[in-house]
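Hello,

Here is the structure I promised to pass on. Please open it alongside this email; my notes follow below.

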Amino acid sequence: MLSFACDYAEGAHEKILQRLIETNREHLAGYGSDHYCESAKEKIRKVCECPQAEISFLVGGTQTNAVVIDAMLRPYEGVVCAQTGHINAHESGAIEYTGHKVMGIPQHEGKICAGELEAFLKCFWEDENFEHMVFPGMVYISHPTEYGTLYSKQELTEISNVCRKYKIPLYMDGARLGYGLMSREADVTLPEIAELCDVFYIGGTKVGALCGEAVVFTKNNMPPHFLTIVKQHGALLAKRRLLGIQFDTLFTDHLYFTISAHAIEMAELLKQGFRERGYRFFLNSPTNQQFIVLDNRKMEILKKSVSFSYWEKVDEDHTVVRFATSWATTKEEIEALMQLLDEIGNLS
């Protein structure tokens, strides 16, 4: 069975596994106060060109979003995001479970635009009844988005400017940040993200780690007693070393960027193969997620040999599905998929 359903199907990069074995018997302090966590933080500060960054390691994306958003919002505030944003569509109400409303605004291939964001915030503050409403207290974006699309530096700058005008933080979900940074169409760098966002996280779970996300507060703005808040959410690992060692490895010798670039190379091969065979793309994604419109009959045949993700219906006869490459995808897997497509094509 070929696997293109997601980018976290495999375990971890071999260098991470080797480092975990090498450090396994070391006696280290708990809860992230070990020297591997400190080393990882320093490497992240350096690559972000943000010496004042405050960094915390959490286990997974939904956990990270719930903890960070809850910690940064006041009890009467909600978070603004695209209607297709992960926290609004695919996190099972995790944010609402913390007591904060998710406030969806229009999306354009997964992205929000600064003009519509400002109009939304302006409308709130001009409403004479705003004291009786949920206050917009944060803006959430993801890069790449749920559709694999990217914010340009100009778009990100404009959104950041709106947030600063209204004095609310801009939070970037970076579950697949490596794949965004290494895309051939990327024009925003990690230091620029650190400059324009108030908080973001560097995803490890989907980019070579067994688990783990590195939250980066960029403006000396980590909420007071954040460690305690993390623990209140049941999100504080006693053996936080497991996260620190993984990120220390990912940010040694550019491993994070090298394996991310590999996923993009595999995605480009996959995209080329589908295009050469006349398949229609739902949209143009420059990252590791590719959205293909499949004839339902061919989709059912392909399902027998390939795993991929259902996305949405186009009409009664066609469905949008997602094929995702990862740091572990091989050229041989792409070639095997193309062979299957050729066989299905010959059946029609």
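Which residues in helix 2 meet which residues in helix 11? From helix 2 they are Y36, C37, S39, A40, K43 and I44. From helix 11 they are R241, G244, I245, F247 and D248. Please keep in mind that this is a predicted model.

**Helix 2 and helix 11**

Helix 2 covers residues 35-48 and helix 11 covers residues 241-250. Their axes are 8 Å apart. The packing angle is about 40 degrees, which makes helix 2 oblique to helix 11. The cut-off for roughly parallel is under 35 degrees. This crossing of helix 2 and helix 11 is left-handed. By class, the contact has six nonpolar, two polar and three charged residues.

**Helix 6 and helix 7**

The next pair is helix 6 (residues 114-126) with helix 7 (residues 153-165). The axes come within 9 Å and cross at roughly 15 degrees. Helix 6 and helix 7 are therefore roughly parallel to each other. Their crossing is right-handed. On the helix 6 side, the contact uses A114, L117, E118 and L121. On the helix 7 side, it uses E158, I159, V162, C163 and K165. Six of these contact residues are nonpolar, none is polar and three are charged.

**The seven-stranded sheet**

Seven strands form an open sheet with mixed pairing. The order is 2-8-7-6-5-3-4. Strand 2 (54-58) and strand 4 (102-105) are the edge strands, and each pairs on one side only. From one strand to the next, the twist averages 25 degrees.

Look at strand 5 (residues 135-142) and strand 6 (residues 170-173) within it. They pair in the parallel sense over four bridges. S142 has D173 in strand 6 as its bridge partner. Helix 7 packs on this sheet and touches strand 5 and strand 6. The direction of helix 7 makes about 140 degrees with that of strand 6.

**V68**

V68 sits in helix 3 (residues 61-72). Is V68 buried or exposed? It counts as buried, because its relative accessibility is 0%. The cut-off for buried is under 20%. Leaving aside neighbours within four places in sequence, V68 is in contact with M138, Y171, V199, V215 and F226. V68 and S142 are 74 residues apart in sequence. In space they are 14 Å apart, C-alpha to C-alpha.

**The four-stranded sheet**

There is also an open sheet of four strands, in the order 9-10-13-12. Its pairing is antiparallel. Strand 9 (280-281) and strand 12 (309-313) stand at the edges. Each has a single partner strand, so one side of each is left without a neighbour in the sheet.

Strand 10 (residues 289-295) and strand 13 (residues 318-324) pair over seven bridges, in the antiparallel sense. Within that pairing, L294 stands opposite T319 in strand 13.

Which strands does helix 12 touch? Helix 12 (residues 255-276) packs on the sheet and touches strand 9, strand 10 and strand 13. Its direction makes about 20 degrees with that of strand 10. Helix 13 (residues 296-303) lies across strand 10, strand 12 and strand 13. Helix 13 runs at about 120 degrees to strand 10.

Best wishes

Definitions and conventions. Residues numbered from 1 in each chain as written. Predicted model: local features only at pLDDT ≥ 70, side-chain atom pairs only at ≥ 80, totals over all residues. Heavy atoms only, no water. Axes fitted to C-alpha atoms, helices over the stretch in contact; angles between N-to-C directions. Helix = DSSP H or I, 4+ residues; strand = E, 2+ residues; numbered from the N terminus. Parallel < 35°, antiparallel > 145°, perpendicular 65-115°, else oblique. Left-handed = near helix turned anticlockwise from the far one by under 90°. Contact = heavy atoms within 4.5 Å. Nonpolar A, V, L, I, M, F, W, Y, C, P; charged D, E, K, R; others polar. Pairing = 2+ DSSP bridges. Buried < 20%, exposed > 50% of the residue type's maximum accessible area, 1.4 Å probe, protein only.
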